[in-house]
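Dear colleague,

I am passing on the structure we spoke about, and it follows directly below. After it I set out what was found, going from the strands to the core, the pocket and a few single residues.

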Amino acid sequence: MTDNENVIYTDFDLSMNRNPFTNDVPPLINSSAVKRSIRHLFMLNKYDIPFEDSGNNMLKNMLFEPISKIVQGNIQSQIEWLIKKYEPRVKLLKVNVKVASDEKSYEVTIYFKIISLNMEDQMDIFLQRVR
C-alpha cells in the first residue's frame, strides 16, 4: 500500500513555502487539511459564502466585547455552530474557551473526530482583537 492510498483530504498550504528539491508547494493532507479548514471558518465574514447569509457568525464582533463569562460562553457557542454547520468531515467532541493570561484574548481548544479517518484530534487557537 502506498502513502497516496491513505490520503483522503488535501488542501493547499497557504504559506506557499516551496519544496527546495521539487519547487512545488507541498499540500496539507488529512488532519492538517481539516485543521486548516476549521481555522478558516473563524475568519468568515457575514456574506463570504455565496447565496447564504452566514449572519450567525458574529465571532469577530465578540472579540471587541469586554472580557466576561457571558462572552466566553457565546464564543464557545459560535465555534460549535460554525463547525457543525460548515465542516461535515468532523464530529465535534468538545470546545474549551478560556480567557488568556493577558485578559485581552481567548485560548480555544477544539476536540474533534475526523469521521472518515476514524481519528480523534485537537487544535489550539488563540483569538485576539486586531484593529
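Two strands are said to pair if DSSP finds at least two bridges between them. By that rule S3 and S4 are a pair, because 9 bridges join them, and the two strands run antiparallel. Please keep in mind throughout that this is a predicted model.

To place these strands in the whole, the secondary structure of the chain comes to 3 helices and 5 strands, and along the sequence the elements follow the pattern β-β-α-α-α-β-β-β. The chain has 131 residues, of which 31% count as buried.

Strands S3, S4 and S5

Strand S4, which covers residues 105–114, is also joined to strand S5, residues 119–128, by 10 bridges, and these two strands again run antiparallel. Tyrosine 106 is a useful residue to look for here, since it is the bridge partner of valine 99 and has leucine 127 as its bridge partner in S5. Glutamate 107, for its part, stands opposite phenylalanine 126 in S5. S4 is mostly covered, with 7 of its 10 residues buried.

Across the S4 and S5 pair, the C-alpha atoms of glutamine 122 and tyrosine 111 are 4.4 Å apart, although the two residues are 11 apart in sequence. Glutamine 122 is found in strand S5, and it counts as partly exposed because its relative accessibility is 35%, which falls between the limits of 20% and 50%.

The two turns

Each of the two hairpins holds a residue whose backbone you may wish to look at. In the hairpin of S3 and S4, which has 5 residues between the strands, glutamate 103 takes a positive phi near 55°, and it does so although it is not a glycine. Glutamate 103 is exposed, because its relative accessibility of 59% is over 50%.

S4 and S5 form a hairpin with 4 residues between them, and in the turn asparagine 118 has a positive phi of about 50°; asparagine 118, too, is a residue other than glycine. With a relative accessibility of 57%, asparagine 118 counts as exposed.

The nonpolar core

Which residues touch the most other members of the largest nonpolar core? They are Ile38, Ile75, Ile79, Ile110 and Leu127, out of the 29 residues that make up this core. Helix H1 (31–41), H2, helix H3 (69–86), S3, S4 and S5 each supply at least two residues of the core, and H3 gives the most to it, with 6 residues.

The largest pocket

The largest pocket holds about 240 Å³ of space. It is lined by Arg39, Phe42, Met43, Leu59, Lys60, Leu63, Phe64, Ile125, Phe126, Leu127, Gln128 and Val130, and by class this lining has 9 nonpolar, 1 polar and 2 charged residues. Helix H2 (59–62) and S5 each supply at least two residues of the lining, and S5 gives the most to it, with 4 residues. Leu127 therefore deserves a second look, as it is named both among the residues that touch the most other core members and in the lining of the pocket, and it is also the bridge partner of tyrosine 106.

Valine 130, another of the lining residues, is found in the segment after S5. It counts as exposed, because its relative accessible area of 63% is over 50%. The C-alpha atoms of valine 130 and leucine 63, which also lines the pocket, are separated by 8.9 Å, while the two residues are 67 apart along the chain.

The aromatic pair

The structure holds 1 aromatic pair. Tryptophan 81 and tyrosine 86 form it in an edge-to-face arrangement, with 5.9 Å from centre to centre and 90° between the planes. Are these two residues buried or exposed, or something in between? Tyrosine 86 counts as buried because its relative accessibility of 17% is under 20%, whereas tryptophan 81, with a relative accessible area of 24%, is partly exposed.

With best regards

Definitions and conventions: Residues are numbered from 1 along each chain as its sequence is written. This is a predicted model: local features need pLDDT of at least 70, side-chain atom pairs count only at pLDDT 80 or more; totals for chains, interfaces and linings use all residues. Side-chain values use heavy atoms; hydrogens and water are left out. On a 1 Å grid over the protein atoms alone, a cavity is a set of points where a 1.4 Å probe fits but cannot get out, and a pocket is an open set with protein on both sides within 12 Å along at least five of seven lines; lining residues have an atom within 4 Å of a point. Grid points are joined across faces, edges and corners, and a volume is the space filled by probe spheres set on the points. Ala, Val, Leu, Ile, Met, Phe, Trp, Tyr, Cys and Pro count as nonpolar, Asp, Glu, Lys and Arg as charged, and the others, Gly among them, as polar. Rings of Phe, Tyr and Trp (its six-membered ring) pair if their centres lie within 6.5 Å; planes under 30 degrees apart count as stacked, over 60 as edge-to-face and the rest as tilted. Buried means under 20% relative accessible area, exposed over 50%, partly exposed in between (1.4 Å probe, protein chains only). A nonpolar core is a set of buried Ala, Val, Leu, Ile, Met, Phe, Trp, Tyr and Cys residues joined through side-chain atoms within 4.5 Å.
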